[in-house]
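User: I would like to go through this structure step by step, from the overall fold down to single side chains. Please give the reasoning before each value or name.

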Amino acid sequence: MLKYAATIAAKDLRLVLARGTGLIQALLLGLLLIFVFSLSQQVGEVMAPQAAASIFWLASAFCQVLIFNTLFSIEEQNGARFGLLLSPMPVQSVWLGKALAGLILLLCAQLVFVPATIVFLGQSVSEHWATGLAVLLLTDIGVVMLGSLLGALSQGQAARESLLSIILFPLLIPVLLAGIRIGAAAFSGDIPEGASNWLGLAAAFDALFGATGLLLFGFVYSGEE
């Protein structure tokens, strides 16, 4: 299954990067959100680290919606979805491959969002940057697992693309809270109380939706239009 997933991820990355439109739109939307929130500050004012982390993850969440809409539209444009369903590989390989491609694209976008957050929101990198990076990866894994599962809901009709954002954001709240609370330490330098509990919540979220994706993706992706 992992071999097939890697093949699907590589195929999707080549197509998305060749076209460029999906990733560029996601980057522009995230940067626009960060810039608009920066306008709420007075000249020389420094935003609170937790508020800056919240804006960073908000930009990442909206970016992720565009990324997975793009990834799942690839097969819809040429009717290749049924070809994937008829292939001898497990259908869960599609879920895992889309999640892997989405993770790489999201990390590429966040490589731009982090400097933008530092510059526009007046933040600085503390000595706990390694902790912030670990939490970012843990949060991203949960985000893309859920996004890859629910992204299948956007396939079939353009009008159904809104379902991804409507259903996705409420479910993302627990893992985003963990990313915000601990990720703020990368800017403030202060590890919050109960940090281990937040890490446990993020890990539990990853495990829950990892198992859910393996069990339910076949039903969601092969559903009739």
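User: What order of elements does the protein show from the N terminus on?

Analyst: This is a predicted model, and what follows should be read in that light. The protein has 9 helices and 0 strands. Read from the N terminus on, its elements therefore contain nothing but helices under the DSSP assignment, and the order is α-α-α-α-α-α-α-α-α.

User: What share of the contacts with a separation of 6 or more comes from residues 24 or more positions apart?

Analyst: A contact here means heavy atoms within 4.5 Å. Among the contacts in the protein with a separation of 6 or more, those between residues 24 or more positions apart account for 86%.

User: How much of the exposed area do carbon and sulfur atoms supply?

Analyst: Of the 225 residues of the protein, 46% count as buried. The protein exposes about 10500 Å², and the part of this area that carbon and sulfur atoms supply is 71%.

User: Which element gives the most residues to the largest nonpolar core?

Analyst: The largest nonpolar core has 61 residues, and those with the most contacts inside it are Phe113, Leu172 and Phe217. Two or more residues come from each of α1 (2-19), α2 (21-38), α3 (49-78), α5 (92-120), α6 (129-151), α7 (162-183) and α9 (195-221). With 14 residues, the element that gives the most to this core is α3.

User: Which residues does Leu172 touch, beyond those up to four places away in sequence?

Analyst: Leu172 is one of the residues with the most contacts inside the largest nonpolar core. Once residues up to four places away in sequence are left out, the residues that Leu172 touches are Gln64, Val143, Leu146 and Phe205.

User: How far apart are the end C-alpha atoms of residues 128-151?

Analyst: In an unreviewed entry, UniProt lists residues 21-39, 51-74, 95-122, 128-151, 163-186 and 198-221 as "transmembrane region". Over residues 95-122 the model is 93% helix and 0% strand, with end C-alpha atoms 38 Å apart. Residues 128-151 are 96% helix and 0% strand, and the distance between their end C-alpha atoms is 33 Å.

User: Why does the pair of Phe35 and Phe120 tie together parts that are distant in sequence, and by how many residues are they apart?

Analyst: The structure holds 5 aromatic pairs, and one of them joins Phe35 and Phe120 in an edge-to-face arrangement, 5.7 Å centre to centre with 80 degrees between the planes. Phe35 is partly exposed at a relative accessible area of 37%, and Phe120 is likewise partly exposed at 38%. Because Phe35 lies in helix α2 and Phe120 in helix α5, the pair ties together parts whose separation in sequence is 85 residues.

User: Is the pair of Phe62 and Phe169 stacked, edge-to-face or tilted?

Analyst: Phe62 in helix α3 and Phe169 in helix α7 are 107 residues apart, and their pair links distant parts of the chain. Both rings belong to partly exposed residues, with relative accessible areas of 30% for Phe62 and 21% for Phe169. The ring centres are 5.0 Å apart and the planes stand at 55 degrees, so the pair is tilted.

User: How far is the charged end of Lys98 from the centre of the ring of Phe72?

Analyst: Lys98 is among the residues in contact with Asp12, together with Leu71, Ile74, Glu75 and Ala101, leaving aside neighbours of Asp12 within four places in sequence. Asp12 itself has its place in helix α1 and is buried, with a relative accessible area of 0%. The charged end of Lys98 sits over the ring of Phe72, and its distance from the ring centre is 5.3 Å.

User: Is Ser93 buried or exposed?

Analyst: Ser93 has its place in helix α5. Leaving aside neighbours within four places in sequence, Ser93 is in contact with Met1, Tyr4, Ala5 and Ile8. Its relative accessibility is 0%, and since under 20% means buried, Ser93 counts as buried.

User: Is Leu2 buried or exposed?

Analyst: Leu2 is found in helix α1, and its C-alpha atom is separated by 8.2 Å from that of Gly97, 95 residues apart along the chain. The relative accessible area of Leu2 is 64%, and because values over 50% fall in that class, Leu2 is exposed.

Terms used:
Residues are numbered from 1 along each chain as its sequence is written. This is a predicted model: local features need pLDDT of at least 70, side-chain atom pairs count only at pLDDT 80 or more; totals for chains, interfaces and linings use all residues. Side-chain values use heavy atoms; hydrogens and water are left out. A nonpolar core is a set of buried Ala, Val, Leu, Ile, Met, Phe, Trp, Tyr and Cys residues joined through side-chain atoms within 4.5 Å. Buried means under 20% relative accessible area, exposed over 50%, partly exposed in between (1.4 Å probe, protein chains only). Helices (H or I, at least four residues) and strands (E, at least two) are DSSP runs, numbered from the N terminus. UniProt positions are given in the numbering used here, feature names are shortened, and annotations may be inferred rather than shown by experiment. Rings of Phe, Tyr and Trp (its six-membered ring) pair if their centres lie within 6.5 Å; planes under 30 degrees apart count as stacked, over 60 as edge-to-face and the rest as tilted. A charge sits over a ring if NZ of Lys or CZ of Arg is within 6 Å of the ring centre and within 35 degrees of the ring normal. Accessible areas come from the Shrake-Rupley method with a 1.4 Å probe; for residues, only the protein chains shown count as cover.
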